[in-house]
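Here's a quick tour of a few spots worth a look. Have the sequence and the 3D view open as you go.

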Amino acid sequence: MFGRGDHISLNLSEDKVPLKKKPLKLRRQWNQLSKCQKTLIYMSSLILFVTMFYLISMEPKEAVISVDTTLRNSEKNTLGNIRNDPRDVVENGVELNNDNQVLEDPEGANMNNKVDNEQVVEPPKNIITFPDPTTLRQKAVVKAFKHAWKGYRQFAWGHDHLKPISEGYHDWFGLGLTIIDSLDTMYIMNLKDEYNEARNWVEKHLNFDINRDVNLFEITIRVLGGLLSIYHFTKDEVYLKKATDLADRLLPCFESESGIPYSDINLFTRKAHAPKWSPDSSTSEVTTIQLEFRYLSWLTENPKYENVVTKVSQLVHRLEKTDGLVPIFINANTGQFRVYSTITLGARGDSYYEYLLKQWIQSDKTLEYLKNDYVESISGVEKHLAKRTVPNGFLFVGELLGGAKDFKPKMDHLTCYLPGTLALGVHNGLPDSHMKLAEDLMTTCYQTYAQQPTFLAPEITYFNIQGENSNDIYVKSNDAHNLLRPEFLESLWYMYQLTGNTTYQDWGWQIFQGFENYTRVVNGYTSIGNVKNTANVRPKDMMESFFLSETLKYLYLLFSDDPKLLDIDKFVINTEAHPFPIGKANL
Ligand SMILES: *[C@@H]1O[C@H](CO)[C@@H](O)[C@H](O)[C@H]1NC(C)=O
Ligand SMILES: *[C@@H]1O[C@H](CO)[C@@H](O)[C@H](O)[C@H]1NC(C)=O
């Protein structure tokens, strides 16, 4: 403080010197003017003063709010974008106004001071904004999000996951996973304060120079995917810079003999290796990074990211399969599948099939070989994996063990992403028969929820196919946990968007009630150990980042009365619910 005081007194004494002379000189000149000249000067000063006062009082107040941290760089000066329709202001107003009352004022009475603004500046077309929630169900989901976020913010800020019961945190990569995974969810929900705080954390604290092993697939879908999708919405360069830094650190994974990536890498030393527990990589992991790396190549105009992942897709394309179905392990050195490993559309297989379709869509349908592999694999599913239960004939997708020999009537909850993907394919011109398969699987997945007293599905369900049991569905106690997973909600959203059938919304609402009743705790939401007993759900004290990234996002989208709130003709959505643009022309 004393330093600053010194400075001021020094300045003052310097300024005094010229100040003494000036008034004398001015007064002498003034006295030499005629009376008429003096009057003229008085009058013009008065007019100038009145005009300035008028202009200042007319300045619209809201236009000044526009400068915030979200949109930096060149986007800042576009935020004076103010139009006559109050909804426009809200929809384009991620930065404009934090006051919900504007929306609840349909007459626009509060908006008068904005409406008069003449200086309408169109925002760059490529910034994407979202309206406030419109339905009660959406508002309930926003409330749930805020509840989860509050606990995370209070007890786990900057860490990967919240442990809501012990009021602690869990670090897996040590990269603030929940923050990065939640950015686009908050942006879609129009939660400005929360979003801005998270965005500033990314700018100031997200640092990849850490001496820790991370899983290539997980960090790609959550962190690279999360950064790229929020970049797509906001065009905030902070995200692209971080995403590029991360991807550069991941590239050494692909320096294996075959080009199939190793599963893990140290972000600091940039040394890649196979997982500790196995010499192989998971098939779904090496084939579920392509959307992200390709999009980054488009953005940076540097093909190196797309090149390494395309090579993986092409290599897997050439391998021998069982009617398009793939074993779940592949070796990075030999580039071959592990021969006797399981075939499943659940864990370690699932998103291989998903990204076949979505890469084709992302590429404006130019990567034909991937679409062909996808269509063949769905035939494979129908031929080998799809079976019906006794007595009610529910269709499910089971697994093949030991190199396609033994059928196991078991389905992971993860597999419930499939009907949504099938419907997306039909929407893009693939065989209509896939829609019937999708609808039947929806019914079965719904049953895995509805038959539990908590209305929550277990991680794994078994099915009765030979009448050895009186129920269609049964759950082993080791499989009865629920990790707050999103896959069925994801499918509900696709099915709702594509059919307009509101039954899918109602199903989602029932499941949301299940989460509210049995997983909500004082400081957030928790995975539970047992969906079969409402009196003892055995809370597991863990809130995964995908609950905020995917589960709540899909619920929010599902409950919109605008099925195209996030239009699947414009966006392709990665396996962690992060939307990217379709086609290189729509960056
Ligand atoms: C909506 O979906 C449900 C569940 O599959 C089905 O029972 C119902 O017939 C469908 N409604 C319409 C109008 O198609
Ligand atoms: C959840 O709680 C609501 C409100 O108490 C109730 O209407 C609903 O039936 C409950 N659902 C389940 C699955 O327990």
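A polar contact here means a pair of N or O atoms within 3.5 Å, where, within protein, one atom must be able to donate a hydrogen and the other to accept it; residues adjacent in sequence count only if both atoms are side-chain atoms. Keep in mind that this is a predicted model. With that in hand, start at Thr575, whose side chain makes a polar contact with the side chain of Glu354 at 3.0 Å.

**Around Thr575**
- UniProt, in an unreviewed entry, puts a "binding site" feature at Thr575.
- You'll find Thr575 in a loop, with strand E17 (571-573) on one side and strand E18 (579-581) on the other.
- Thr575 has a relative accessible area of 16%, and the cut-off for buried is under 20%, so Thr575 counts as buried.
- Setting aside residues up to four places away in sequence, Thr575 touches Phe217, Ile221, Thr288, Ser351, Glu354, Tyr355 and Glu550.
- Glu354 therefore turns up twice, as one of the residues Thr575 touches and as its side-chain polar partner at 3.0 Å.

**Tyr556 and its surroundings**
- Tyr556 sits in helix H19, which covers residues 545-558.
- Tyr556 is buried as well, with a relative accessible area of 1%.
- Val141 is 415 residues away from Tyr556 along the chain, yet their C-alpha atoms are separated by 6.0 Å.
- Val141 is also among the contacts of Tyr556 once neighbours within four places in sequence are left aside; the others are Pro131, Asp132, Pro133, Gln138, Val142, Ile188, Met189 and Leu565.

**A helix packed inside: H11**
- Helix H11 spans residues 290-300, and 10 of its 11 residues are buried, so the rest of the structure largely encloses it.
- The buried set is Gln290, Leu291, Glu292, Phe293, Arg294, Tyr295, Leu296, Ser297, Trp298 and Leu299.
- An α-helix has 3.6 residues a turn, so residues three or four places apart point the same way.
- Right after H11 comes Glu301, with a positive phi of about 55°.

**A three-stranded sheet**
- An open sheet is built from 3 strands in the order E12-E13-E14, with antiparallel pairing.
- Strands E12 (410-412) and E14 (473-474) are at the edges with a single partner strand each, so one side of each has no neighbour in the sheet.
- Strand E13 (residues 460-463) is joined to E14 by 2 bridges, and the two run antiparallel.
- To spot the pairing in the viewer, look for Tyr462, which stands opposite Tyr474 in E14.

Definitions and conventions
Residues numbered from 1 in each chain as written. Chains lettered and ligands numbered in written order. Predicted model: local features only at pLDDT ≥ 70, side-chain atom pairs only at ≥ 80, totals over all residues. Heavy atoms only, no water. UniProt positions renumbered as here; feature names shortened; annotations may be inferred. Helix = DSSP H or I, 4+ residues; strand = E, 2+ residues; numbered from the N terminus. Buried < 20%, exposed > 50% of the residue type's maximum accessible area, 1.4 Å probe, protein only. Contact = heavy atoms within 4.5 Å. Pairing = 2+ DSSP bridges.
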